[in-house]
Amino acid sequence: MCMSKIFRTFAPFLSMNRRFRVILSVLLGLLMSGLHGVGIARAQVSNAGRSVFSFMSLPTSSRLNALGGTNVSLSDGDVSMGMCNPALLHNETHMVLQLNYSYYLPGTMFGSALFGYNFGEAKGLRDDSRQPAAEGLPSRPNYFAVGIHYLDYGRMSYADENGNQTGGSFGARDILIDVMYARQLSRMFKIGVTLKPVYSIYESYSSFAIGADVGAHFQTADSTFQMGLVLQNIGWQLKGFYSQDGGSNHEMLPLNLQLGLTYRVKHAPLRFHLQIHNMQTWYLNYEWTSLDKSPTTGDIIPHNIPWYDMMFRHTIFALEIVPKSEKFYIALSYNHRRRAELQLTDQRSLAGFALGAGVKIKQARIGFAVSQLTKSNFSYQLGLTLDINALMK
């Protein structure tokens, strides 16, 4: 692409008005303060196995699972995208209800419910107008959505340190609520923020935390190129699982800085996605433990991961087949980190790959996705999206 075409693409973004620049400055300030608040020094190590509420990283819908687990750049009316980046809420997420059910392991249950509602009035428009405003804003430029996610690990038997069952059983569950808000600042730029209370109870241990996401989204006038940036899970425990030094032990949420790029081919039903996650840290491998010691010398065996392998662990690649009418989609993705951590060295598997599809039938959209965790364990997700406005007519 020549420099003149690049300039024409981003010219409206660069020549923003004063109010636009102020809001963008506030957004960037929140992003930087979030990073500073958790401490860059602490972020030099991976969150792998070290942060609480790791279930917050699970894909909450079939569409997200099919796209590799996360997507912070695609804004096309799917309300579940707001779970990854609140700025992905869309004018088509108004009065939309989405239900998702996921199957990961026998005995577990993971589901979510989301509802979107848009409000406000673009300048110069009546509240009931459907025509775009002069500055390109929709009739309702404020986007709101709320979601609840529930993960039940099932019943587990009490046992001693030798694995002998002592009688009785207990449960464990996680609950996350997302309250999302986004504002359409111009035809091509949106910002958003999410408030995330989270609660977990494992047997007699419980914890409560508050987190937040701050994100932005940009797209060209013809929507062939989209870009998203989000800082997820800014927050910490207000009540820890256990006490330490006379007080509750407080841990940080799994911070995740993500950048996403989406490109749709103009004259073909193809859409490409590149997601870069955990940009706040380079190392994504787990800490070494006593299990990593040599049985002969007792020395710790280092996990020497080549730099190119570590680099690709930050990336997710996805391809979608989407016709212009967007009546259906077929998605295929590859998550290198998932494959590096879940594949078995002596067995073949499709760990890291995910496949999904969705179809629109009148006022409903149905989606399905499957991904392999290990050779004998697949993850299945089913999603149903309903247009409440259309159903009430």
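Q: How many helices and strands does the protein have?
A: In this predicted model, where local features need pLDDT of at least 70, side-chain atom pairs count only at pLDDT 80 or more and totals for chains, interfaces and linings use all residues, the elements are DSSP runs numbered from the N terminus, with helices being H or I of at least four residues and strands being E of at least two. Residues are numbered from 1 along each chain as its sequence is written, and side-chain values use heavy atoms, with hydrogens and water left out. On this basis the protein has six helices and 16 strands.

Q: What percentage of the 393 residues counts as buried?
A: A residue is called buried under 20% relative accessible area, exposed over 50% and partly exposed in between, using a 1.4 Å probe and protein chains only. Of the 393 residues of the protein, the share that counts as buried is 46%.

Q: Which residue of β13 is the bridge partner of Ala318?
A: Two strands pair if DSSP finds at least two bridges between them, and strand β12 (residues 315-321) runs antiparallel to strand β11 (residues 270-276), joined to β11 by seven bridges. Within β12, Ala318 stands opposite His273. Strand β12 also pairs with strand β13 (residues 328-335) in the antiparallel sense over six bridges, and there the partner of Ala318 is Ser333.

Q: Which residue in the turn of the hairpin formed by β12 and β13 has a positive phi?
A: The hairpin of β12 and β13 has six residues between its strands. A positive phi of about 55° belongs to a residue in this turn, namely Glu326.

Q: Why does the salt bridge of Lys196 and Asp213 tie together parts that are apart in sequence?
A: A salt bridge is a side-chain nitrogen of Lys or Arg within 4 Å of a carboxyl oxygen of Asp or Glu, and the closest N and O atoms of Lys196 and Asp213 are 3.2 Å apart. Lys196 lies in strand β5 (residues 189-202) and Asp213 in strand β6 (residues 205-219), so the parts tied together are separated in sequence by 17 residues.

Q: Which residues are joined into one network by salt bridges that share partners?
A: Arg271 forms a salt bridge with Glu320, with 3.0 Å between the closest N and O atoms. Because Arg271 lies in β11 and Glu320 in β12, this pair ties together parts that are 49 residues apart in sequence, and both Arg271 and Glu320 are buried. Through shared partners, salt bridges join into one network Arg63, Asp76, Asp78, Arg271 and Glu320.
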